[in-house]
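Subject: Structure handover: cavities and ring contacts

Hello,

Here is the structure for you to take over. My notes on cavities and ring contacts follow it.

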Amino acid sequence: MVDALIQTLQPSVLLYMMIGVVLGIFIGALPGLTATMGVAILIPLTFWLQPQEGLAMLIAIYCSSIFAGGIPAILLNAPGTPASMTTAWDGYELNKQGKTGLALGVNAIYSALGGIISTVFLLVAAFPISRVALSFGPPEYFALAIFGLSMMISVSGKSISKGLIMGFVGLFIATIGLDPMLSMPRFTFGSTSLLDGISFIPIMIGLFGLGEVLSQILDSNKEEKVKPKKIGRILPNKQERKLMRKPFWLSSMISTITGAIPGAGGDIASMISWEQSKRFSKNKEKFGKGSLEGLSASSTANNAVIGGAFTTMLTLGLPGDSVTAILIGALMVYGMQPGPTLFTDHVDFVYIIICLLFLANILVLFIGVFGANIFSRIMLVKREIIWASVILFSIVGAYALNNSLFDVWVMAFSGVIGVVLRKLDFPLGPLILALILGPMAESNLRRSLSMSLDGSLTYFLTRPITMTLLTIAVLSLIFPLIKGLYFKSKNNKKPVDF
């Protein structure tokens, strides 16, 4: 470990890591330009470097872009990455309350701490976590998706019925494209552009980016022009740190384990962490309205996934998410095969990767905190320039995903729909949640049924992990109802006079 640390502290390695952090912040802060896209684009440039230098840049891009996705989420309510969608729910509200600096500080600090904790987890518990991930089959993935979908009620806001409507709309959109088992077209209406389905990223950019801008434009005459204010303090005080302690540790554990599950990703982890932090909080009513607990949970989840994803990639050769899938290819080009043999043939390089993860998250911490004033300068720019920039970046981000004009039209249509939904007070979270988890639930349900002898649902009863996840999902749905009825009956009780 000491030798690995010495190699990672070489000036050339630190230089390329700094370059990666800067590029990652630029990529993450632009709505639609994901960490996956940034790493994929820049991998060819790293093949000319030494392995530790190339991976330093790629890991830095990965860590910093995930963190940076929270910057536009807080300032503009336009998540820069899918994992930062939940950051917008509380971060943007804090921004509107005049706590911009605190929101940016919490995002930077807890993103970095989440990444550091997950890296420690990678260091001390790589093999146990990877063994759990290896035992996941189609039934377990289906149960995980159902557990995630059970959170629709929690992200529905004031109206559960409206939230469920949006969730079912999202599930329908998720069925568009080729059937996952038979590859038959569904709801494509003869259009080749719909054969691959509708990606949720252009929809997310439209709903949260373009939709927010259009809503602000329509309401601009009603708003008084406010002079720019200072962002205020950046570091949370002792009382605020104590308040955020529980969601931080809870989110760190949930997200690290979720990251170790191949294909789960930061978007799922952030939603689960935010929702579970809300359940265990004494201030549930503040979540989604500027809660520091909610912001710390989602910020921690963003980068806490990374250590778990690297655990699965390094020990089993399975990608924990889309970025680590690309990094597997990078390691193979460097002559290293991710998997159990990596820990015997190149154990020194495993420690180098772990040290790079530590250093990248430390850089995110310092740059995120000391750069908060720079990031907030966007608030000093005229609203018209901000609106034009967000619209331009939304178009570029939607097009860059697949180099497709169809995605741009999807983004534009979603933006218009987003304005209408805001006016009608429909929550947007359940729609995105269903778009992410719908395909995962459907494909793994059908695979599970094909694995059973008679296609019976009783097959799920024979899988302990599946039953555990499904039980938790049912309890997650029932507990709020029971709790609500309990408090309602308790409040209706009249005191007895003697």
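The largest cavity has a volume of about 50 Å³. Keep in mind that this is a predicted model. The structure holds two cavities of 30 Å³ or more.

Eight names to select for the largest cavity: Lys246, Pro247, Leu250, Ser277, Phe280, Ser281, Phe287 and Glu293 line it. Two elements, α11 (238-260) and α12 (265-280), give two or more residues each to that lining. The biggest share comes from α11, with three residues. The lining is mixed in class: four residues are nonpolar, two polar and two charged.

Now the second largest cavity. Its space comes to about 30 Å³. Around it you will find Leu55, Ile59, Phe310, Met313, Leu327, Leu331 and Ile353. Three helices each supply at least two of these lining residues: α4 (51-68), α13 (292-316) and α14 (322-333). How does this lining divide by class? Seven residues are nonpolar, with no polar and no charged ones.

On to the rings. The count is eight aromatic pairs. One of them joins Phe142 and Phe460. Their ring centres lie 5.2 Å apart, and the planes meet at 40 degrees, which puts the pair in the tilted class. This contact links distant parts of the chain, with the two positions 318 residues apart. Phe142 belongs to helix α8 (residues 138-149). Phe460 lies in the loop between α20 (429-451) and α21 (464-492).

Are these two rings buried or exposed? Phe142 has a relative accessible area of 12%, so it counts as buried, the cut-off being under 20%. Phe460 is buried too, because its relative accessible area is 5%.

There is also a ring cluster. Ring pairs link Trp89, Trp274 and Phe287. Phe287 also appears in the lining of the largest cavity, so you can view the cluster and that cavity together.

One last contact involves a charge. Which ring does the charged end of Lys162 sit over? The ring is that of Phe426, and the charged end is 5.2 Å from its centre.

For a quick tour, start with the two cavities. Then go to Phe142 and Phe460, and on to the cluster of Trp89, Trp274 and Phe287. Finish at Lys162 and Phe426.

Best wishes

Technical notes. Residues numbered from 1 in each chain as written. Predicted model: local features only at pLDDT ≥ 70, side-chain atom pairs only at ≥ 80, totals over all residues. Heavy atoms only, no water. 1 Å grid on protein atoms, 1.4 Å probe; cavity = no way out; pocket = protein on both sides within 12 Å on 5 of 7 lines; lining within 4 Å. Points joined across faces, edges and corners; volume = space filled by probe spheres on them. Helix = DSSP H or I, 4+ residues; strand = E, 2+ residues; numbered from the N terminus. Nonpolar A, V, L, I, M, F, W, Y, C, P; charged D, E, K, R; others polar. Phe/Tyr/Trp six-rings, centres within 6.5 Å; stacked < 30°, edge-to-face > 60°. Buried < 20%, exposed > 50% of the residue type's maximum accessible area, 1.4 Å probe, protein only. Lys NZ or Arg CZ within 6 Å of the ring centre and 35° of its normal.
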